[in-house]
Amino acid sequence: MSKPLLTVENLRADIRMPDGVLSAVDGMDLTVTRGETVCLVGESGSGKSLTCDSITGLVSSRKIDVSGSVRFDGEALLEADEATLRTIRGNRIAYLFQNSHNALDPVYSIGNQIVEAITFHDDDPEPEPREQAIELLETVGLSRPGERVDSYPHELSQGMRQRVALAIALAADPDLLIADEPTSALDVTIQARILELLEQLKRERDLTVLLVTHDLRVVARLADRVVVMYAGQPVERGPVDAVFETPAHPYTQALFDSFTGTTQKTHEQPAATGCRFASECPHAVDDCRTERPAFEAVGTDETTSHQAACIYYRDGRDRSKVLERATGVATAADSLLEVSDGE
Ligand SMILES: Nc1ncnc2c1ncn2[C@@H]1O[C@H](COP(=O)(O)OP(=O)(O)OP(=O)(O)O)[C@@H](O)[C@H]1O
Ligand code: NI
């Protein structure tokens, strides 16, 4: 296995609230190896965006304390100064947000904005930056790129603007693309096209991606590996096939269920100690409320990297009930994912 490009260990984002501290990210661990796509999934508010923003120093609020360890290609990012971080964000880690299409500057042509991103990254670009801009517009699937390069954002549709935002992200030829819900603000047909584009870029450019989404269809299509988050904590991780075949953690099972429409989500206050999912978990026992579960291997084969942070996967525990449910939700999700494949 090659060395990870990004290693996040015990990342925390503590938000100082009027009534105490909210651990919005609480011990995140994550690795991304070159060429792979890692998907961060979890419901709204689980800390996905805050995890990404903490990695690249984008958390600007003074109320939020970020700690832990983030290493990007050997560099310790949490200790880096703002100038270093800005250079890394401009050159090596690119961002695509849900609202990137609205973040384009209305007073500059899209070509100018791509050229600016190219020259920020490379002060002697070859070929000539305007030419590169046109190529990038072609890469992201904009028709008539030679004409469109002189368009202004307001002359383009929302979907086209999101493609332009992706072109700007790619202009620096980044080592890592962080895509935070890149399609959720777009209508369904445009979503599908942008996803297709990301799939294609992954194949053709060997792009390394950290992708945030709450849509399991997106995960199934794009992920190599998955990390499931609940209330700021990672609860399950593993290769996408393993996680979709055996959604092992009771929270992952609930997530699959809500995706297939089987259950209504209730919202309890997550427990302060122990497993945060305990109050909603159908399998919770006393131990779950007192100690925070460590990651355990899901399969019997210790070499697989599919793990769940749930005491049922400890040696000697009977995991059969939890696994039984895994089979059920996996089958339900499977049929849904297959149906959507045909769109
Ligand atoms: N600047 C902030 N001030 C106060 N609370 C914040 C701030 N940013 C995030 N939070 C809180 O931190 C938690 C995690 O937020 P985050 O945006 O990371 O969730 P998310 O998983 O990305 O959700 P979504 O799917 O809705 O984007 C939430 O409870 C949110 O309310
Ligand atoms: Ni988010």
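**View 1. Domain 1 and domain 2 of the predicted model.** The C-alpha centres of domain 1 and domain 2 are separated by 23 Å. An automatic or database domain assignment supplies the domain bounds: domain 1 covers 1–92 + 175–223, domain 2 covers 100–173 and domain 3 covers 246–341. Eight residues of domain 1 contact nine residues of domain 2, where contact requires C-beta atoms, placed from the backbone, within 7 Å. On the side of domain 1 that touches domain 2, helix 2 (82–91) and helix 7 (188–205) are the elements that give two or more residues. Helix 7 gives the most, with four residues. By class, this side has five nonpolar, two polar and one charged residues; Ala, Val, Leu, Ile, Met, Phe, Trp, Tyr, Cys and Pro count as nonpolar, Asp, Glu, Lys and Arg as charged, and the others, Gly among them, as polar. Helices (H or I, at least four residues) and strands (E, at least two) are DSSP runs, numbered from the N terminus.

**View 2. Surroundings of ligand 1.** Of the 13 residues around ligand 1, those that come nearest are A24, S44, K48, S49 and L50; a residue is near if its C-beta atom, placed from the backbone, lies within 6 Å of the molecule. Helix 1 (residues 48–55) contributes the most to this shell, with three residues. The shell around ligand 1 has eight polar, three nonpolar and two charged residues.

**View 3. Strand 9 and its partners.** All six residues of strand 9 (residues 225–230) are buried, that is, 20 or more other C-beta atoms, placed from the backbone, lie within 10 Å of their own (exposed: 12 or fewer; partly exposed: in between). One side carries R225, V227 and M229, and the other V226, V228 and Y230. Strand 3 (residues 37–41) pairs with strand 9 in the parallel sense over four bridges, and pairing requires at least two DSSP bridges. L40 has V227 of strand 9 as its bridge partner. Strand 10 (residues 233–239) pairs with strand 9 in the antiparallel sense over six bridges, with G238 of strand 10 as the bridge partner of V226. Two residues lie between the strands of this hairpin, in which A231 takes a positive phi near 45°.

**View 4. The open sheet of four strands.** Its order is 2-1-4-5, with antiparallel pairing. Strand 2 (20–33) and strand 5 (75–76) are the edge strands, each pairing on one side only. Strand 4 (residues 64–72) meets strand 5 over two antiparallel bridges; F72 has E75 of strand 5 as its bridge partner.

Residues are numbered from 1 along each chain as its sequence is written, chains are lettered from A and ligands numbered from 1 in the order in which they are written. In this predicted model, local features need pLDDT of at least 70 and side-chain atom pairs count only at pLDDT 80 or more, whereas totals for chains, interfaces and linings use all residues.

Notes. Contact = placed C-beta atoms within 7 Å.
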